[in-house]
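I opened the model today to go through its sheets, its helices and its odd backbone spots. My notes follow in the order I looked things up.

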Amino acid sequence: MASLEQSRHLVTEIPGPASLELTKRRNAAVSHSVGISMPVYIARAGGAILEDVDGNRLIDLGSGIAVTTIGNAAPRVVDAVRAQVEEFTHTCFMVNPYEGYVAVAETLNRITPGSGEKRSVLFNSGAEAVENAIKIARSFTGRSAVVGFDHAYHGRTNLAMALTAKSMPYKSGFGPFAPEIYRAPLSYPYRDGLIDKELATDGEKAAARAITVMDKHVGADNLAAVIIEPIQGEGGFIVPAEGFLPALLDWCHQNDVVFIADEVQSGFARTGAMFACEHDGIEPDLIVTAKGIADGFPLSGVTGRAKIMDAPHSGGLGGTFGGNPVACAAALATIETIEEEGLVERAQHLEGLITEPLRRLQSSDDRIGDVRGRGAMIAIELVKSGTAEPDPELTNQLATAAHAAGVVILTCGMFGNVIRLLPPLTISDELLTEGMEILTGLLGDL
């Protein structure tokens with residue numbers, strides 16, 4: 001397939017007539033419980049451009065929720081997948097194993113934080129990996145309680161839902177949930193600062209608040225694991241205050257509690273480090289990965305200290321499709337692309353292109369309550385003018401206007417008032433700048 005021109009080009013209104021016709025078919029065939037952010041149907045994609053069935057080319061600032069980190073239809077991935085499909089598509093690693101699974105495990109053990117002996121196990125989705133990380137921690141500690149955090153998102157399966165903080169649309173009506181799940185307060189500098197200026201900047205103080213809750217409500221002796229996103233995803237791209245994560249990790253190690261970093265959205269160069277943990281200099285006991293691992297193929301993993309990973313009995317972990325050979329080929333090509341094309345450094349460069357226009361606008365528009373994030377994982381928290389009250393209506397208006405203008409953006413946050421920006425790391429400066437000019441211009445007009 002010829003490469004897709006990397007430029008925005010609109011030939012119809014968004015959505016166009018062909019997309020509208022497909023929406024009718026979707027409404028008749030697909031469960032209405034599946035929500036869609038932008039009812040524009042894609043025919044092909046490449047790099048940072050999505051081309052819809054009407055021929056419109058859209059700037060992709062969402063990467064399929066941080067998945068196509070190296071760009072859509074990345075050449076090395078396409079070649080690797082094609083080669084693997086021609087050899088075999090499935091055997092089930094637990095029946096007849098193959099080298100690709102082993103190679104991905106070796107690579108994850110090498111690139112994740114921590115220098116000690118490590119092991120990995122592969123699954124299909126972030127939620128599946130989260131569930132298995134908890135199984136591993138419980139097996140290792142012989143304890144059952146698990147602590148998650150305010151604003152957390154860990155997936156849509158039962159245990160993952162219990163760990164997820166947001167009710168609508170993820171949890172409402174789907175209980176009862178897995179027991180022995182508890183919640184502690186997160187360090188949320190923007191919102192904490194409205195109550196206590198010191199709490200907003202002192203991560204150790206924020207950690208002490210969380211540790212007090214864990215000690216009183218759970219008790220360290222009952223706690224198997226603490227699970228946290230080093231930078232929250234669906235919760236609003238919240239970056240904890242400096243010192244928060246190291247203090248939590250220290251407490252976990254003092255009490256023989258497994259510290260699990262959920263890097264499903266923040267991993268694989270997204271934040272300007274291979275993993276977001278690295279910004280805080282921490283080495284989690286277990287790290288959960290998915291999304292950006294394989295450029296769009298279903299794959300996830302749990303990687304961690306060998307003595308913890310080996311705790312479950314033989315046969316206790318696995319799954320029919322976990323570590324599918326085609327997905328493994330895609331993952332190896334994806335990680336090779338990240339490393340050989342310098343995409344960690346590229347994410348650091350993109351941070352400036354995203355944040356600088358937003359901060360300029362913030363200086364004159366008090367509806368931008370906060371601009372935060374790292375690398376190419378940046379959020380805008382929108383509030384009502386003159387207040388810190390969340391403004392989900394403005395957020396939805398901005399997303400709708402951007403979509404109509406051919407720029408794909410996503411919303412998130414507990415209050416639905418956060419715009420999240422997740423461009424592919426391979427996007428050109430020119431295309432990203434155009435997308436940001438459109439976005440800031442639209443916000444100024446609303």
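I fixed one term before starting: a polar contact is a pair of N or O atoms within 3.5 Å; within protein, one atom must be able to donate a hydrogen and the other to accept it, and residues adjacent in sequence count only if both atoms are side-chain atoms. Helices (H or I, at least four residues) and strands (E, at least two) are DSSP runs, numbered from the N terminus.

The model is predicted: local features need pLDDT of at least 70, side-chain atom pairs count only at pLDDT 80 or more, and totals for chains, interfaces and linings use all residues. Residues are numbered from 1 along each chain as its sequence is written, and side-chain values use heavy atoms, with hydrogens and water left out.

**Entry 1: helix α9**

I began at the start of α9. There, a side-chain oxygen of Asp202 comes to within 3.1 Å of the backbone nitrogen of Glu204. The helix covers residues 203-217, 15 residues in total. I checked its length next. From first C-alpha to last it reaches 21 Å, close to the 21 Å expected at 1.5 Å a residue. The expected span is 1.5 Å times one less than the number of residues.

Which residues of α9 are buried? I used the usual cut-offs: buried means under 20% relative accessible area, exposed over 50%, partly exposed in between (1.4 Å probe, protein chains only). I found Gly203, Ala206, Ala207, Ala210, Ile211, Val213 and Met214. Seen down the axis of α9, these fall within an arc of 155°, so they line one face of the helix. The arc is taken from the directions from the helix axis to the C-beta atoms. On the face turned away from the buried side I noted the exposed residues Glu204 and Lys216.

I then asked what the buried residues of α9 pack against. The partners are β5 (145-149), β6 (181-184), α8 (197-201), β7 (223-228) and α10 (244-254). Contact here means heavy atoms within 4.5 Å. After α9 comes Gly219, with a positive phi near 90°.

**Entry 2: the seven-strand sheet**

I traced an open sheet of seven strands in the order β4-β10-β9-β8-β7-β5-β6, with mixed pairing. Two strands pair if DSSP finds at least two bridges between them. β4 (118-123) and β6 stand at the edges, each with a single partner strand, so one side of each is left without a neighbour in the sheet. The twist averages 20° from one strand to the next.

I looked hardest at β9 (residues 286-289). Leu286 and Val288 point one way, Ile287 and Thr289 the other, and all are buried. β9 pairs with β8 (residues 258-262) in the parallel sense over three bridges. In that pairing, Ile260 has Leu286 as its bridge partner. With β10 (residues 300-305), β9 runs antiparallel, joined by four bridges. Thr289 is bridged to Gly301 of β10.

Helix α4 (residues 99-111) lies across β4, β9 and β10, at about 130° to β4. Axes are lines fitted to C-alpha atoms, for helices over the stretch in contact, and angles run from 0 to 180 degrees between N-to-C directions.

**Entry 3: the four-strand sheet and α14**

I found an open sheet of four strands in the order β1-β2-β3-β13, again mixed. β1 (42-46) and β13 (407-408) are its edges, each with a single partner strand, so one side of each has no neighbour in the sheet. β3 (residues 57-60) and β13 run parallel, joined by two bridges. Ile59 has Val407 of β13 as its bridge partner. Helix α15 (residues 429-445) lies across β2 (49-52), β3 and β13, at about 90° to β3.

I also went through α14 (residues 392-404). Its 13 residues should span 18 Å at 1.5 Å a residue, and its end C-alpha atoms are 18 Å apart, which agrees. Its buried residues are Leu394, Thr395, Leu398, Ala399, Ala402 and His403. They pack against β12 (377-382), β13, β14 (410-412), β15 (418-421) and α15. Just after α14, Gly406 has a positive phi of about 85°.

**Entry 4: backbone oddities**

Where are the cis peptide bonds I noted? One joins Met168 and Pro169, with omega about 5°. Another runs from Gly175 to Pro176, with omega near 5°. Pro169 sits in the loop between α6 (158-163) and β6, and Pro176 is in the loop between α6 and β6.

I then checked positive phi outside glycine. Ala66 has a phi of about 65°. It lies in helix α2 (residues 63-66) and is buried, at 2% relative accessible area. His151 has a positive phi near 70°. This residue is in the loop between β5 and α6, and at 14% relative accessibility His151 counts as buried.
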